[in-house]
Amino acid sequence: MQVAALDDPDTLLRRAGPLLLEDEARHNLLLGLLSTIRDAPDVYPEHRFWIAEADGRPVGAALRTPPHNLVLARPRTPAALEALAAAIEDDLPGVTGGRPEADAFAAAWCARKGTRARVRFEQRIYALARVRRPRTTPGRAREANAADRPLVHRWLRAFAREALHEQEPDEEELARTAERRVAGVAGGLLLWERAGEPVSLAGWGGTTPLGVRVGPVYTPPEHRRLGYASALVAELSARRLAAGRRFCFLYTDLGNPTSNRIYTAVGYEPVCDSVQYAFVR
């Protein structure tokens with residue numbers, strides 16, 4: 001088995017495509033990052049790719065956009081995870097991937113590096129092919145615009161703290177993300193508005209060959225339990241399907257039963273569980 005380091009997203013997709021596209025939903029994050037790196041290179045100017053091959057066939061793949069975690073594909077053989085752990089020279093902060101492959105890679109990495117793996121949070125990947133509209137909810141969806149940028153920045157900060165467990169989010173990165181999303185670079189944002197007031201936010205980005213990832217989704221506490229997030233995610237998903245996507249994907253926090261219930265109600269079906277590990281000394 002050989003592991004090659006690559007620097008071109010199209011090369012990784014060509015060589016690892018048979019592996020990644022066997023389960024597009026499971027690999028939506030990795031595939032979405034590849035499309036963003038290709039189509040909007042300023043978003044992730046630094047990136048690294050790895051592919052494990054045996055007898056000319058792809059058996060494992062991973063990518064990283066520093067300073068973020070390694071993102072892992074499901075391997076065709078456990079030996080591919082050992083080979084990747086041996087070949088990657090980065091000082092990894094952690095790994096993100098489906099289970100059980102992320103668990104196995106974390107164990108292999110920690111055994112080699114003398115570190116420990118700490119679960120940051122556990123998630124579930126969902127996919128939708130047809131929207132089930134929720135009950136009628138007051139208000140309407142509209143695309144975010146430049147005037148919404150301060151609001152978007154504040155809500156992305158709140159989302160990072162609450163959903164991603166980042167107590168001190170990178171403010172410069174949040175500002176860049178808000179600017180890009182409002183401008184429609186590598187994705188976009190919808191707001192649910194009631195009586196002229198935005199009450200919920202949902203975004204999309206990271207296209208895959210057939211789908212697109214939905215997120216983030218955030219509703220301030222004072223506007224929750226009123227159906228706004230359900231209505232907005234349903235509307236956003238319907239618009240993405242109407243625009244030509246066959247599927248929409250999203251991640252939920254397994255510790256938040258409300259969000260999991262909201263998404264299944266509008267047609268999202270579970271694909272697999274996913275985990276984010278941090279490597280600590």
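Let me begin with Asp 90, which counts as buried because its relative accessibility is 14%, under the 20% cut-off. Before I go on, please keep in mind that what we are looking at is a predicted model.

What does the side chain of Asp 90 meet in a salt bridge? The partner is Arg 64, with a distance of 3.0 Å from N to O. The two residues come from distant parts of the chain, since Asp 90 sits in the loop between α3 and β5 (94–98), while Arg 64 belongs to strand β3 (residues 57–64), and they are 26 residues apart. Arg 64 is buried as well, with a relative accessible area of 7%. This pair also belongs to something wider, for salt bridges that share partners join Glu 46, Arg 48, Arg 64 and Asp 90 into one network. As a general point for those of you new to this, side chains of opposite charge can pair when their charged atoms come close.

Let me set two other pairs beside that one. The side chains of Glu 193 and Arg 142 form a salt bridge at 2.8 Å, again from N to O, and here both partners are in strands, Glu 193 in β8 (residues 188–194) and Arg 142 in β7 (residues 140–143), with their positions 51 residues apart in the chain. Glu 193 is buried at 12% relative accessible area, and Arg 142 counts as buried at 14%.

The other pair is Glu 22 with Arg 76, whose side chains meet in a salt bridge of 2.6 Å, N to O. Glu 22 lies in the loop between α1 and α2, and Arg 76 lies in the loop between β4 (70–72) and α3 (78–87), so that the bridge links parts of the chain that are 54 residues apart. Are these two residues buried or exposed? Glu 22 counts as exposed, at 54% relative accessibility, whereas Arg 76 is partly exposed, with a relative accessible area of 29%. In the whole model the count comes to 21 salt bridges, and the ones I have described are among them.

Now I would like to turn to the helices. Helix α1 (residues 9–20) and helix α2 (residues 28–39) have axes that come within 11 Å of each other and cross at roughly 160 degrees, which makes α1 roughly antiparallel to α2. The crossing of these two helices is left-handed. On the α1 side the contact is made by Pro 9, Asp 10, Leu 12, Leu 13 and Leu 20, and on the α2 side by Leu 30, Leu 31, Leu 34, Ile 37 and Arg 38. Sorted by class, the residues of this contact are eight nonpolar, no polar and two charged.

With that picture in mind, look at helix α5 (residues 149–162) and helix α6 (residues 171–183), whose axes come within 9 Å and cross at roughly 130 degrees. These helices are therefore oblique to each other, and their crossing is right-handed. From α5 the contact includes Val 152, His 153 and Leu 156, and from α6 it includes Leu 174, Ala 175 and Val 182. By class, this contact has six nonpolar, two polar and four charged residues.

Helix α3 offers another view of packing, because several of its residues are turned away from solvent in the sense of being buried, namely Ala 80, Leu 81, Ala 83, Leu 84 and Ala 85. The buried residues of α3 pack against β1 (2–6), β2 (48–54), β3, β4 and α4 (101–113).

Finally, a few words about the backbone. Most residues other than glycine have a negative phi, and most peptide bonds are trans. Where in this model is the peptide bond cis? One such bond runs from Pro 66 to Pro 67, with omega near 10 degrees, and Pro 67 is placed in the loop between β3 and β4. Another runs from Gly 215 to Pro 216, with omega near 0 degrees, and Pro 216 is in strand β10 (residues 211–218).

As for phi, His 165 has a positive value near 60 degrees; this residue is found in the loop between α5 and α6, and at 36% relative accessibility it counts as partly exposed. Arg 225 also has a positive phi, of about 65 degrees, although it is not a glycine. Arg 225 lies in the loop between β10 and α7 (228–242), and it is exposed, with a relative accessible area of 75%.

Terms used
Residues are numbered from 1 along each chain as its sequence is written. This is a predicted model: local features need pLDDT of at least 70, side-chain atom pairs count only at pLDDT 80 or more; totals for chains, interfaces and linings use all residues. Side-chain values use heavy atoms; hydrogens and water are left out. Axes are lines fitted to C-alpha atoms, for helices over the stretch in contact, and angles run from 0 to 180 degrees between N-to-C directions. Helices (H or I, at least four residues) and strands (E, at least two) are DSSP runs, numbered from the N terminus. Angles under 35 degrees count as roughly parallel, over 145 as roughly antiparallel, 65 to 115 as roughly perpendicular and the rest as oblique. A crossing is left-handed if the near helix is turned anticlockwise from the far one by less than a right angle, and right-handed if clockwise. Contact means heavy atoms within 4.5 Å. Ala, Val, Leu, Ile, Met, Phe, Trp, Tyr, Cys and Pro count as nonpolar, Asp, Glu, Lys and Arg as charged, and the others, Gly among them, as polar. A salt bridge is a side-chain nitrogen of Lys or Arg within 4 Å of a carboxyl oxygen of Asp or Glu. Buried means under 20% relative accessible area, exposed over 50%, partly exposed in between (1.4 Å probe, protein chains only).
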